[in-house]
Amino acid sequence: MKQRIIEVCPALPMFEYFRTDRAQVIVVVDVLRASTTICTAFDYGAEKVIPVATVEEAMDYQSKGYFVAGERGGIKLDFADAGNSPFEMMIDEIKGKTVVLTTTNGTQAIQMACGENLTVIGAFINLTILKDWLLQRSEDVLVLCAGWENLIGLEDVIFAGALAESLAQEGSFLMNSDETFMAYDLWQLAKYDIQAYISKFSHTKRLISIGQDESIEYCFKIGVSMSLPFWNNGTLQKYIF
Ligand code: MLT
């Protein structure tokens, strides 16, 4: 059996150094909270999600009648219909609709990734379905961690470690880079008491300081989402199995 490679790009500015000619699926992750929010939007019936980089684009979509969610610095944009908490996607209003989302880092990471490669959204909540889907394919995998303002977000790195572990356990994936071993090793430290580990993250502290901590625990629930969002022609859609 051909061994596939799982690699981890721990921070956005490193992304260009991971470019390769090999066929790759890029998994964009922003555990707290954009990628969790996107999966949740699909769990609650959203038809599409359009991730946009700028506030201006989001406002433009709103003027055309779209449901717009977004934050900067974790705080809901005042004109938006919702902020960036997954709990704000648990509403009937988005059923069958397109949600436009702009966030500080997550939607920037998606914009950076979507190109010639197949791009999907990963989060702890869809880890199980994502792993099963990746195992059925043949490409290598690159996890792109959104982090915070060009720096590392530990929550994204441990997600990458959890995904690497679950893929490598199946035997068809090889970990062969320092970034992947770093993510894997950090996941070993975190996994036995993930709720305790969460308190270390600077974004956890940031969300608590602005009163946005209600969904943090949910963002680390493994496998509760049945949605695998993938990039298709300018929008994210739910993969139909
Ligand atoms: C981001 O994109 O930076 C995050 O999702 C921020 C947040 O927690 O809202």
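1. In this predicted model, the side chain of Asn105 places an N or O atom 2.6 Å from an oxygen atom of the ligand. A comparable kind of approach is made by the side chain of His203, where an N or O atom is 2.7 Å from an oxygen atom of the ligand. The backbone also takes part, since a backbone N or O atom of Gly106 lies 2.8 Å from a ligand oxygen atom. Taken alone, the ligand exposes 270 Å², and the protein buries 100% of that area.

2. The surroundings of the ligand deserve a look as a whole: 14 residues surround the ligand, and the closest are Arg33, Asn84, Thr103, Asn105 and His203. Sorted by class, this shell has seven polar residues, four nonpolar residues and three charged residues. The space that the ligand takes is the largest cavity, which can be read alongside the 100% burial of the ligand by the protein.

3. Arg33, listed among the residues closest to the ligand, also deserves attention for its backbone, as the peptide bond from Leu32 to Arg33 is cis, with omega near -5 degrees. Arg33 itself is placed in the loop between S2 and helix H1, the latter spanning 34-43.

4. Turning to charged pairs, a search of the whole structure finds six salt bridges. One of them joins the side chains of Arg22 and Glu7, with an N to O distance of 3.4 Å. This pair links distant parts of the chain, 15 residues apart, with Glu7 in strand S1 (4-9) and Arg22 in the loop between strand S1 and strand S2 (24-29).

5. Two backbone angles should be inspected in the loop between strand S8 (140-145) and helix H5 (154-169), where Glu149 is found and where Asn150 lies as well. Phi of Glu149 is near 45 degrees, a positive value in a residue other than glycine. Phi of Asn150 is likewise positive, near 75 degrees, and this residue too is other than glycine.

Key
Residues are numbered from 1 along each chain as its sequence is written. This is a predicted model: local features need pLDDT of at least 70, side-chain atom pairs count only at pLDDT 80 or more; totals for chains, interfaces and linings use all residues. Side-chain values use heavy atoms; hydrogens and water are left out. A residue is near a molecule or strand if one of its heavy atoms lies within 4 Å of it. A polar contact is a pair of N or O atoms within 3.5 Å; within protein, one must be able to donate a hydrogen and the other to accept it, and residues adjacent in sequence count only if both atoms are side-chain atoms. Accessible areas come from the Shrake-Rupley method with a 1.4 Å probe; for residues, only the protein chains shown count as cover. On a 1 Å grid over the protein atoms alone, a cavity is a set of points where a 1.4 Å probe fits but cannot get out, and a pocket is an open set with protein on both sides within 12 Å along at least five of seven lines; lining residues have an atom within 4 Å of a point. A molecule sits in a cavity or pocket if more than half of its atoms lie within 2 Å of its grid points. Ala, Val, Leu, Ile, Met, Phe, Trp, Tyr, Cys and Pro count as nonpolar, Asp, Glu, Lys and Arg as charged, and the others, Gly among them, as polar. A salt bridge is a side-chain nitrogen of Lys or Arg within 4 Å of a carboxyl oxygen of Asp or Glu. Helices (H or I, at least four residues) and strands (E, at least two) are DSSP runs, numbered from the N terminus.
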